[in-house]
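Subject: Structure handover and notes

Dear colleague,

I am passing the structure below on to you, together with an account of what was found in it. Please read the notes with the coordinates open beside them.

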Amino acid sequence: MAITIKSPREIELMREAGRLLGQVHDELAGIIRPGISTKEIDRVCEEIIRSYGCTPNFLHYQGYPASVCVSVNEEVVHGIPRENRIIQEGDIVSLDTGLIYQGYHSDAARTHAVGEISPAARQLIEVTRQSFYEGIKMARAGRHLHDISNAIAAYVNSYGYGIVEALVGHGIGTRLHEDPQIPNFSQRRRGVKLRPGMTLAIEPMINMGTGDVDWLDDDWTVVSADDSLSAHYENTVLITEGEPEILTMGKIP
């Protein structure tokens, strides 16, 4: 496993890549409404990213055809934007996107409520988001990678939700996906020791039912196997000498 430790200059570039992506998510949050197509969300996302002088890192990545993954309700991740997929009142919509700034990647995801949603759906979104924060309490130099995994899992399991095990977080830097892989479920082994300069994309994906998933025929869209709602929350995080630094926060948590 080759985990990259970023130099001070690289960290500054990662910070800017993250800051800009946080702004992208803030802007996208403002357009989520009933009646918008998932394809329109993608068009806006690409326009914003390019307006910042950056490149959408999802577009054409391993053949993916869009700049943002738009996953609705039971879709876990990698939903492909379409003109005929119209967002409805009461939906929950996960947006996962990233960009490249001067050769460095950032990656983040948010799940949004569309208008009034059920209390159960709102709790799922909030628990998924908070599980990320429980995880990064462990994201400190000297701790081990799987301390993050176990903290996420313990929090989610206390609510009885299903943790998706088929997909995990990852390192990030000059490539979108770098070592190490970061599971969101309990691990027996401790994993690598965390060091300052590591940059990690930590991203719990949580289902209201079981954690089992299926892939649709488009070979991209991942859905909960029992058609239960799914939520996703992700940030790019820097390991420092002290508290972890969330690089992709934006103004909207």
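In strand S8, glutamine 181 is the bridge partner of histidine 170. Please keep in mind throughout that this is a predicted model. The two strands concerned, S7 (residues 169-171) and S8 (residues 178-182), run antiparallel and are joined by three bridges, and together they make a hairpin with six residues between them.

That hairpin belongs to an open sheet of five strands, whose order is S8-S7-S9-S14-S15 and whose pairing is antiparallel. S8 and strand S15 (245-246) stand at the edges with a single partner strand each, so that one side of each has no neighbour in the sheet. Moving inward from S8, one finds that S7 pairs with strand S9 (residues 199-202) over two bridges, in the antiparallel sense, and that histidine 170 stands opposite alanine 201 of S9. S9 is in turn joined to S14 by four bridges, the two strands running antiparallel, and here alanine 201 has threonine 236 as its bridge partner in S14. The step from S14 to S15 is made by two bridges, again in the antiparallel sense, with leucine 238 opposite glutamate 245, and a hairpin connects these two strands through six residues.

Within S14, Asn235 and Val237 point one way while Thr236 and Leu238 point the other way, and all of them are buried. Threonine 236 counts as buried because its relative accessibility is 1%, which is under the 20% cut-off. Leaving aside residues up to four places away in sequence, threonine 236 touches ten residues that can be listed by name: Met14, Ser106, Asp107, Ile172, Leu200, Ala201, Glu245, Ile246, Leu247 and Thr248.

A further open sheet has three strands in the order S6-S10-S13, with antiparallel pairing; its edge strands are strand S6 (162-163) and S13, each of which pairs on one side only. Strand S10 (residues 205-207) and S13 are paired over three bridges in the antiparallel sense, and asparagine 207 stands opposite serine 230 of S13.

As for the space left open, the largest pocket has a volume of about 460 Å³. Its lining is made up of 23 residues, and those that lie nearest the centre are Tyr61, His78, Leu167, His170 and His177. S7 and S8 each supply at least two residues of that lining, and His170, one of the residues nearest the pocket centre, is also the histidine whose bridge partner in S8 is glutamine 181.

Turning to the packing of nonpolar side chains, the largest nonpolar core has 38 residues, and Val24, Leu28, Ile41, Leu95 and Leu99 are those with the most contacts inside it. Helix H1 (8-29), helix H2 (38-51), strand S2 (68-72), strand S4 (92-101) and strand S5 (104-113) each supply at least two residues of this core, and H1 gives the most, with eight residues. Isoleucine 41, when residues up to four places away in sequence are not counted, touches Leu28, Ile31, Ile32, Ile36, Val68, Val70, Ile87 and Leu95. A second, separate core has 29 residues, including Ile92, Phe132, Ile163 and Phe185.

Finally, how many aromatic pairs does a search of the whole structure find? The search finds six. One of them is formed by phenylalanine 132 and tyrosine 233, an edge-to-face pair at 5.4 Å centre to centre with 65° between the planes. Phenylalanine 132 lies in helix H3 (residues 119-136), whereas tyrosine 233 lies in the loop between strand S13 (230-232) and strand S14 (235-238), so this pair ties together parts that are 101 residues apart in sequence. Both residues are buried, and Phe132, Tyr133 and Tyr233 form one aromatic cluster. Tyrosine 159 and tyrosine 161 form another of the pairs, this one stacked, at 6.2 Å centre to centre and with 10° between the planes. Tyrosine 159 is partly exposed, with a relative accessible area of 38%, whereas tyrosine 161 is buried, with a relative accessible area of 9%.

With best regards

Definitions and conventions:
Residues numbered from 1 in each chain as written. Predicted model: local features only at pLDDT ≥ 70, side-chain atom pairs only at ≥ 80, totals over all residues. Heavy atoms only, no water. Phe/Tyr/Trp six-rings, centres within 6.5 Å; stacked < 30°, edge-to-face > 60°. Buried < 20%, exposed > 50% of the residue type's maximum accessible area, 1.4 Å probe, protein only. Contact = heavy atoms within 4.5 Å. Pairing = 2+ DSSP bridges. Core = buried A, V, L, I, M, F, W, Y, C linked by side-chain atoms within 4.5 Å. 1 Å grid on protein atoms, 1.4 Å probe; cavity = no way out; pocket = protein on both sides within 12 Å on 5 of 7 lines; lining within 4 Å. Points joined across faces, edges and corners; volume = space filled by probe spheres on them.
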